[in-house]
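Morning, everyone. Take a moment with the sequence and the model on the screen, and then I'll walk you through a few spots.

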Amino acid sequence: MGWFTSWLIRRALVSGARSVHSVLIAQAQEDVSRVFRDAFCYNQGRLVEYSLMISKYHQDMRLSYEAYLKGELDNREKELAELRAAHNNLCEYIINNYYNDILYRNFDYAKQAFSIQKGVGNVPRMCAKHIVYEDGQQFVETIARDSVMPYDEDEHHLHGISQNSASLYAKVLGKYYIENNIPQKSKKINGYINPRLNAQSVQLYEGTGFLDEYRVVNQGRRVDEAWVKCWNPLITNDGQALDPPQESCYKSTLVVPMTLANNNQSIDFLKHIYDKFKESNSIEFEGEEDDFIKIKKQIYGFFCMDHVSENYFNNSYDLDIGYFFADLICVYQCLTLNYLALSRTTNHVEEILAVASMDDE
């Protein structure tokens, strides 16, 4: 075979490979578009239903509340029971539909999008978190996770916002947080912090070789047991210390804030939200002008993803997925917040029920 023939064959092979690659990219883009289209279609119908039904259950509770306030002493027990039932109906609707259905359906759509690029079985873990305000302090609480983790039931389920680098960064700066080498970042001063990580063990961690990381990605199993030991153990009821689930000991994370900061919000809307937050004591207020800015940049929660491998997330494709679903979930989160923590009626009802519960003891 002459050199010219060999050159033509090589040229044809390269050209063919490029054509196949272009076809695969086009197919992947089409598949992702289909996932986004399906997700948007699902949320369109679900959002209309959720917004109307949560309003309906809240109205039912408000009517029971007004009846309780106007009621006669002779009917106090009956009216209190009706008020408690109405409050339970509202909470159960939110739990059954938002926490236990809508969030998980969106996790599934997000995983479909990731699997197109990363491969089936190589998708990140996902969870949604919201911000809880107690005694003037802000805490982060997980409201849904794609897989049940034992530590969600212990003290780490609710932690101060400053105890986690990702949530603190996203909250303060109002933008996404991405870290693809948590072991290395955690060793640095003012590096990555997490209430589940043991700082002393992290400093002693020596890392893994390329082949170990390769096996993690391609076989979907954890091989870096030394890194698992860097995370706080789980303590059983009988005092036994167990290693945390291997998939929870991640090396890469991407956290996207749920916020309306990038939207054009009217002054009337900002004042309305400002009044609601101020009445519920959910934000420390300084001056009205500064507070409007604070309300505009308010973070309502976080869409969090993580993976056991280093260098898992990228700043383009993965970030687009993160923002797409964070923005969708944010709408539900704002509706839920409006009818629970920011609702004057709900807050008054919960005060009445809390006093009644103490009287029953």
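**How far to trust it**

So, confidence to begin with: the mean pLDDT of the protein is 83, and 81% of its residues reach 70 or more. For anyone who hasn't met it, pLDDT is the predictor's confidence in each residue, from 0 to 100. This is a predicted model, so I talk about local features at pLDDT of at least 70 and count side-chain atom pairs only at pLDDT 80 or more, while totals for chains, interfaces and linings use all residues. Housekeeping: residues are numbered from 1 along each chain as its sequence is written, and side-chain values use heavy atoms, with hydrogens and water left out.

Where is confidence lowest, and where is it highest? The lowest mean is 52, in helix α6, residues 210-219, and the highest is 96, in strand β4, residues 177-179. Also keep an eye on residues 20-24, where pLDDT stays under 50. That stretch has zero contacts in the model beyond four places in sequence, with contact meaning heavy atoms within 4.5 Å.

**The overall picture**

We've got eleven helices and eight strands. Those are DSSP runs, numbered from the N terminus: H or I over at least four residues for helices, E over at least two for strands. Of the 361 residues, 42% are buried. Buried is under 20% relative accessible area, exposed is over 50%, and partly exposed is in between, using a 1.4 Å probe and protein chains only.

Take the contacts between residues at least 6 apart in sequence: 70% of them join residues at least 24 apart. As for surface, the protein exposes about 20,000 Å², and carbon and sulfur atoms supply 52% of it. Those areas come from the Shrake-Rupley method with a 1.4 Å probe, and for residues only the protein chains shown count as cover.

**A helix pair**

Now rotate to helix α2, residues 76-118, and helix α10, residues 317-339. They pack at an angle of about 175°, axes 10 Å apart. The axes are lines fitted to C-alpha atoms, for helices over the stretch in contact, and angles run from 0 to 180 degrees between N-to-C directions. So α2 and α10 are roughly antiparallel to each other; the cut-offs are under 35 degrees for roughly parallel, over 145 for roughly antiparallel, 65 to 115 for roughly perpendicular, and oblique for the rest.

What is the contact of α2 with α10 made of? Its residues split into 18 nonpolar, four polar and two charged. Nonpolar here is Ala, Val, Leu, Ile, Met, Phe, Trp, Tyr, Cys and Pro; charged is Asp, Glu, Lys and Arg; the others, Gly among them, are polar.

**Two asparagines**

Most residues other than glycine have a negative phi. Asn 190, though, has a positive phi of about 55°. You'll find Asn 190 in the loop between α4 (182-187) and α5 (199-204), and it's exposed, at 77% relative accessible area. Asn 311 has a positive phi as well, near 55°. Asn 311 sits in the loop between β8 (299-307) and α10 and is exposed at 58%.

**Pairs far apart in sequence**

Phe 302 is in strand β8 and is buried, at 1% relative accessible area. Phe 302 and Thr 142 are 160 residues apart in sequence but 9.2 Å apart in space, C-alpha to C-alpha.

Over in strand β1, residues 125-134, look at Arg 125. Buried or exposed? Arg 125 counts as buried, at 9%. Its C-alpha is 6.6 Å from that of Asp 146, 21 residues away in sequence.

Last one: Lys 296, in helix α9, is partly exposed at 28%. Beyond its neighbours within four places in sequence, Lys 296 has contacts including Leu 260 and Leu 270.
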